[in-house]
Amino acid sequence: MSLKQIHESGQAFRWIALSEDEYIAIHEDKWVRVKQEKDHLNFKHASKRELSKVWTAYFDLDRDYSSIRKSYRGLDGYLDEAMDYGEGIRILKQDLLEIIITFIISANNHIPRIKMSIEKISRFAGRRLGEVEGKEILAFPTLEALTRIGDEQWAQVKLGYREAYIRKSLQAIKNKEVDLKKLEKMNTLDAKKELMKLSGVGDKVADCILLYGMGRMDTFPVDVWMKRVMNRHYNVPEDESIRMIRQKGMEVFGETAGIAQQYLFYYERMKGR
DNA sequence: GCCCAGGTACGTC
DNA sequence: GACGTACATGGG
């Protein structure tokens, strides 16, 4: 497990990097300072209770990634390379509302700008949780706090046309048109349909929400990077539709396709840098 | 100035 | 259902 790789793999936008090996992760109103020490993690000042109640689920510590990697080994050369390169990757299980907002913002946007937007939203409405080395630690805002953000502040976040998507979606969640609690009990396909009722949530964003906010590994988000991977390494013609590419990904990589996707995405984005 | 970014909504066909 | 297009914003 590698904190550095998880940090670079484009799923957590609000980690605070203290160094290459030490980060602050934030989940709801909890935060933890984690340091990589060779092959194990040091969760500084985290109580045993919090470790088992919060961070085990967040870091997906109960899943046996090595056996998943073993099951993929030899399937194809490219995934082998990607798994070697990103051996320490895990899929984080992050706060559902935060992930919904984050990935609505992600659509047709640059990663640094996505980070900036989320940071601003947290600054406007997130609770202050503490401070480490002069860096303020903010919670991602609650649903109530988000719906209290005013027009002027939203405008300052510079979300462009995504602002309306988010504000509509917040209302839909607030009045239970889309009930996030019920979502957890649904199978992946039903949950996806439900999520896609939210404004700004299409196929790809829904897949990301399922994968990063609900721990559903049986998803295969296809963005421009994954399209590139599938075109170049999986015999998918350039003009193939995203829909068909997703379907192929699910067929090839199966129940843990989301994890395979993360190895491939990370490898594609990092190599050549 | 032009191109692009972890795509989606909306109107046609 | 599949396809084309507009869409805010800012960095390269």
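How many nonpolar, polar and charged residues does the surface near DNA strand C have? By class, that surface has one nonpolar, three polar and four charged residues. Here "near" says that one of a residue's heavy atoms lies within 4 Å of the strand. As for the classes, Ala, Val, Leu, Ile, Met, Phe, Trp, Tyr, Cys and Pro count as nonpolar, Asp, Glu, Lys and Arg as charged, and the others, Gly among them, as polar.

A quick word on what you're looking at. This is a predicted model, where local features need pLDDT of at least 70 and side-chain atom pairs count only at pLDDT 80 or more, while totals for chains, interfaces and linings use all residues. Residues are numbered from 1 along each chain as its sequence is written, chains are lettered from A and ligands numbered from 1 in the order in which they are written, and side-chain values use heavy atoms, with hydrogens and water left out.

## Around the DNA

So who sits around DNA strand C? The residues are N108, H110, R113, K158, G160, Y161, R162 and R243. Of the strand C atoms within 4 Å of the protein, 59% belong to sugar or phosphate, and the rest to bases.

Around DNA strand B there are 26 residues, and G10, I111, G200, D223 and Q261 come nearest. Sugar and phosphate make up 60% of the strand B atoms that come within 4 Å of the protein. By class, the surface near strand B has 11 nonpolar, 11 polar and four charged residues.

Now for the polar contacts, meaning pairs of N or O atoms within 3.5 Å (within protein, one must be able to donate a hydrogen and the other to accept it, and residues adjacent in sequence count only if both atoms are side-chain atoms). These ones go from side chains to base nitrogens:

| Residue | DNA strand | Distance to a base nitrogen |
|---|---|---|
| N108 | strand C | 3.1 Å |
| H110 | strand C | 2.6 Å |
| R162 | strand C | 3.3 Å |
| N108 | strand B | 3.0 Å |
| H110 | strand B | 2.9 Å |

N108 turns up with strand C and with strand B, and H110 also has an entry for strand C and one for strand B. V224 uses its backbone instead: a polar backbone atom there is 3.5 Å from a phosphate oxygen of strand B. The elements giving two or more residues to the surface near strand B are α12 (203-214), α13 (224-233) and α15 (257-270). Helix α12 gives the most, with four residues. Helices (H or I, at least four residues) and strands (E, at least two) are DSSP runs, numbered from the N terminus.

## Rings and charges

The whole structure has 15 aromatic pairs. Rings of Phe, Tyr and Trp (its six-membered ring) pair if their centres lie within 6.5 Å; planes under 30 degrees apart count as stacked, over 60 as edge-to-face and the rest as tilted.

Take F43 and F59: their centres are 5.5 Å apart and their planes sit at 80°, so this pair is edge-to-face. F43 is in strand β4 (residues 40-44) and F59 in the loop between α2 (48-58) and α3 (65-72), 16 residues apart. F43 is buried at 15% relative accessible area, and F59 is buried too, at 0%. (Buried is under 20%, exposed over 50%, partly exposed in between, with a 1.4 Å probe and protein chains only.)

F103 and Y212 are stacked, because their centres are 5.4 Å apart and their planes at 20°. F103 lies in helix α5 (residues 96-106) and Y212 in helix α12, so the pair ties together parts 109 residues apart in sequence. Both F103 and Y212 are buried.

Finally, the charged end of R162 sits over the ring of Y161, 4.8 Å from its centre. That label needs NZ of Lys or CZ of Arg within 6 Å of the ring centre and within 35 degrees of the ring normal.
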